[in-house]
Amino acid sequence: MSAAIDTNLLLYAEDQASPFHSEALKFLDHLLESGAPVYATWDGLHAFIRIATHPGIFSDPLTPEEAISDIQSILDHPSITVLAPTLESWAILARLATELHLRGSLISDAVTASVLESHGIRTLYTNDRDFWKFPGLKPIDPFKS
């Protein structure tokens with residue numbers, strides 16, 4: 001099964017203060033070692049760097065070098081493919097924003113949803129409930145049994 005990972009899983013795996021830390025690490029290790037294709041989005045990767053280095057958001061912020069190194073180690077894994085936006089992504093984003101009347105922070109989630117949909121990826125591992133709003137996605141919360 002082709003699936004994508006959301007930024008929050010990467011952040012939980014990094015943040016030792018997170019109540020999801022150990023579960024996120026185990027889940028990501030299992031997913032990457034399964035041999036199945038795993039997708040990440042360009043916007044999700046730079047969101048990780050933005051959030052993980054922000055002292056007002058991340059409990060123990062990383063240096064830019066540490067955040068970049070973490071992302072590089074994920075990118076070096078043979079199961080990972082990074083998806084970039086396309087013109088089709090833009091058309092999907094425009095449709096989602098208007099049909100769902102999206103505003104504010106939901107736009108960044110819609111960008112991720114549009115990139116995934118334009119590449120034919122429906123499954124997204126996330127515990128961000130906002131992704132359940134997007135009809136083209138099948139979000140799965142890896143922390144729920």
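# A tour from helix α4 to the loop after α5

Begin by selecting L75, which has its place in helix α4, residues 64-75. Keep in mind throughout that the model on the screen is a predicted one. Is L75 buried, partly exposed or exposed? With a relative accessibility of 32%, L75 counts as partly exposed, because the class called partly exposed lies between the limits of 20% and 50%. Show the neighbours of L75 next: leaving aside residues up to four places away in sequence, L75 touches L45, I80 and V82. If you then draw a C-alpha to C-alpha distance from L75 to S18, the two are 23 Å apart in space, with a separation of 57 residues in sequence.

From L75, extend the selection to the whole of α4 together with helix α3, which covers residues 42-52. The axes of these two helices come within 9 Å of each other and cross at roughly 150°. That angle makes α3 roughly antiparallel to α4, since angles over 145 degrees fall in that class. The crossing in which α3 passes α4 is right-handed. To see the contact itself, display L45, F48 and I49 on the α3 side, which meet A67, I68, D70, I71 and L75 on the α4 side. Sorted by class, the residues of this contact are seven nonpolar and one charged, with no polar residue.

Now move to helix α1, residues 7-14, and colour the helix by accessibility. Six of its eight residues are buried, so α1 is largely enclosed by the rest of the structure. Which residues of α1 are buried? They are T7, N8, L9, L10, L11 and A13. Around them, select β1 (3-5), α2 (21-33), α3, α4 and β4, for these are the elements against which the buried residues of α1 pack.

With β1 and β4 already selected, bring up the sheet as a whole. Five strands form an open sheet with parallel pairing, and their order across the sheet is β3-β2-β1-β4-β5. At the edges stand β3 (80-83) and β5 (138-140), each of which has a single partner strand, so one side of each is left without a neighbour in the sheet. Looking across the strands, you will find a twist that averages 35° from one strand to the next. For a closer view of one pairing, select strand β4, residues 123-125, which runs parallel to β5 and is joined to β5 by three bridges. Within this pairing, Y125 has I140 of β5 as its bridge partner.

The next selection is a second pair of helices, α5 and α6. These helices pack with their axes 8 Å apart and at an angle of about 135°, which makes α5 oblique to α6. The crossing of α5 and α6 is right-handed. On the α5 side, display E88, S89, I92, L93, R95, L96 and A97, which meet I107, A110, V111, A113, S114, V115, E117 and S118 of α6. The residues of this contact divide into nine nonpolar, three polar and three charged.

Finish in the loop between α5 (87-99) and α6 (106-118), where H101 lies. Check the backbone there: phi of H101 is near 55°, a positive value in a residue other than glycine. Is H101 buried or exposed? H101 is exposed, having a relative accessible area of 66%, and this class applies because the value is over 50%.

Terms used:
Residues numbered from 1 in each chain as written. Predicted model: local features only at pLDDT ≥ 70, side-chain atom pairs only at ≥ 80, totals over all residues. Heavy atoms only, no water. Helix = DSSP H or I, 4+ residues; strand = E, 2+ residues; numbered from the N terminus. Buried < 20%, exposed > 50% of the residue type's maximum accessible area, 1.4 Å probe, protein only. Contact = heavy atoms within 4.5 Å. Axes fitted to C-alpha atoms, helices over the stretch in contact; angles between N-to-C directions. Parallel < 35°, antiparallel > 145°, perpendicular 65-115°, else oblique. Left-handed = near helix turned anticlockwise from the far one by under 90°. Nonpolar A, V, L, I, M, F, W, Y, C, P; charged D, E, K, R; others polar. Pairing = 2+ DSSP bridges.
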